[in-house]
Amino acid sequence: MTNVHDNILGLIGNTPMVRLNQVTKHIPAKVYAKLESSNPGHSTKDRIALHIIEAAEKRGLLTPGSTIIETTSGNTGFSIAMVSIIKGYKCILSVSDKTKPEKIAYLKALGAKVYICPASVPADDPRSYYEVAKRIAKETPNSIYINQYFNELNIDAHYQSTGPEIWEQTDGKITHIFGCTGTGGTLSGSAKFLKEKNPDIKVIGVDADGSILKTYHETGKVDESEIHSYQIEGLGKNLIPGALLFDKIDEFVRVNDEDSAYRTREIALREAIMGGYTTGAVVQALIQYAQNNTLTEKDIIVLIFPDHGSRYISKVYSDDWMAEQGFSKNGFSSYDAVLKTEMEK
Ligand SMILES: Cc1ncc(COP(=O)(O)O)c(C=O)c1O
């Protein structure tokens, strides 16, 4: 038998790459999207869940019936819940109250126990989803805390899989990689591998308006005045993640909620790719980058598309939600009239 797996975990990794033909056509470079939604849990986080849990198994930290605990905006939770089912572990997750009800229902459908915590409190507040996960981990016997923000195996998962896949898929011709940074693991691990192969590859991190990562990269300082709440999930932080290798990143581009939302919708309409909100963010970052940097037809740009749009139907794919945010299509000022008409239908 060919292309048959013992269980769902055999489908993790080896995600496809597709060329973008419309949304970035004004940029002379060839632009490819690495579709992490093709993982069985529909996001890049499947890779780290499997890698970190199997590393813990090798160290004898997990036995049947152990509990796996994590803080997650959703995607890591789906992946841990999926791996836990197959391997026979319990799964407890703390999530931010920005997380939509359908994501929480999805996590529960995969057998996870979910704690909902306020997003607006500082990371060290006992009510924050970081502190809640830490407390549960301390109180639960026979458990491990994945701790994706500070776990170097998060980087290693991508160093061992995502980075080599991108290198092979582009025949070593990649010149730029763009990735959203939440924990930083996806971009850091991929960049570490790719820079070892070719130190000239440019690595561009995508940060959110309201997050501290871009300024920290540029100044080495946290500017608390930059912190404000924003809608894009999984991108940017109000703390400095240990899984983010700042020295592997050449530059950060900061994007806002509105531009990223419209860009997500545009990618669906023009490329027929239903991506998550950060898919729009990473394309928006390339478009902003191209306004300030010279790109040529020789450049091969890879954008990591972290997850699938089906998780955002009542958010960025809902016209009502877009209107509630006060988004005014200002983000479309640079787009062409055809797209505006399509959106208004
Ligand atoms: C939707 C989405 N995009 C991007 C990211 C960023 O990935 P990483 O944590 O590897 O930096 C995440 C992480 O949570 C995410 O959930």
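This report walks through the two domains of a predicted model, the interface they share, and the ligand site.

**How the chain splits up**

Start with the overall layout: the chain falls into two domains. Domain 1 is made of two stretches, 8-38 and 161-327, while domain 2 is the single run 45-149. Put a point at each C-alpha centre and you get 24 Å between domain 1 and domain 2.

**Where the domains meet**

On the domain 1 side, 30 residues make contact, and they touch 23 residues of domain 2. Together the two domains bury about 2,100 Å², and carbon and sulfur atoms account for 52% of that area. Who does the heavy lifting on domain 1? Leu 9, Ile 12 and Arg 311 do: they supply 32% of the area domain 1 buries against domain 2, more than any other three residues.

There's a fair bit of polar business here too. The interface has 3 salt bridges, along with 14 residue pairs in polar contact. Broken down by class, the face of domain 1 that touches domain 2 holds 11 nonpolar, 11 polar and 8 charged residues.

If you want a salt bridge to look up in the structure, try Glu 36 and Arg 47, whose closest N and O atoms sit 2.7 Å apart.

**Around the ligand**

Now for the ligand, which has 16 residues around it. The closest are Lys 45, Gly 182, Thr 183, Gly 184 and Thr 186. Three of these place an N or O atom by a ligand oxygen, as listed below.

| Residue | Part of the residue | Distance to a ligand oxygen |
|---|---|---|
| Gly 182 | backbone N or O atom | 2.8 Å |
| Thr 183 | side-chain N or O atom | 2.6 Å |
| Gly 184 | backbone N or O atom | 2.8 Å |

How much of the ligand does the protein cover? On its own the ligand has 390 Å² of accessible area, and the protein covers 97% of it.

Note on methods:
Residues numbered from 1 in each chain as written. Predicted model: local features only at pLDDT ≥ 70, side-chain atom pairs only at ≥ 80, totals over all residues. Heavy atoms only, no water. Domains from an automatic or database assignment. Contact = heavy atoms within 4.5 Å. Buried area = accessible area lost by both parts, 1.4 Å probe. Salt bridge = Lys/Arg side-chain N within 4 Å of Asp/Glu carboxyl O. Polar contact = N/O pair within 3.5 Å; in protein donor to acceptor, adjacent residues only side chain to side chain. Nonpolar A, V, L, I, M, F, W, Y, C, P; charged D, E, K, R; others polar. Near = heavy atom within 4 Å. Areas by Shrake-Rupley, 256 points an atom, 1.4 Å probe, with all protein chains shown as cover.
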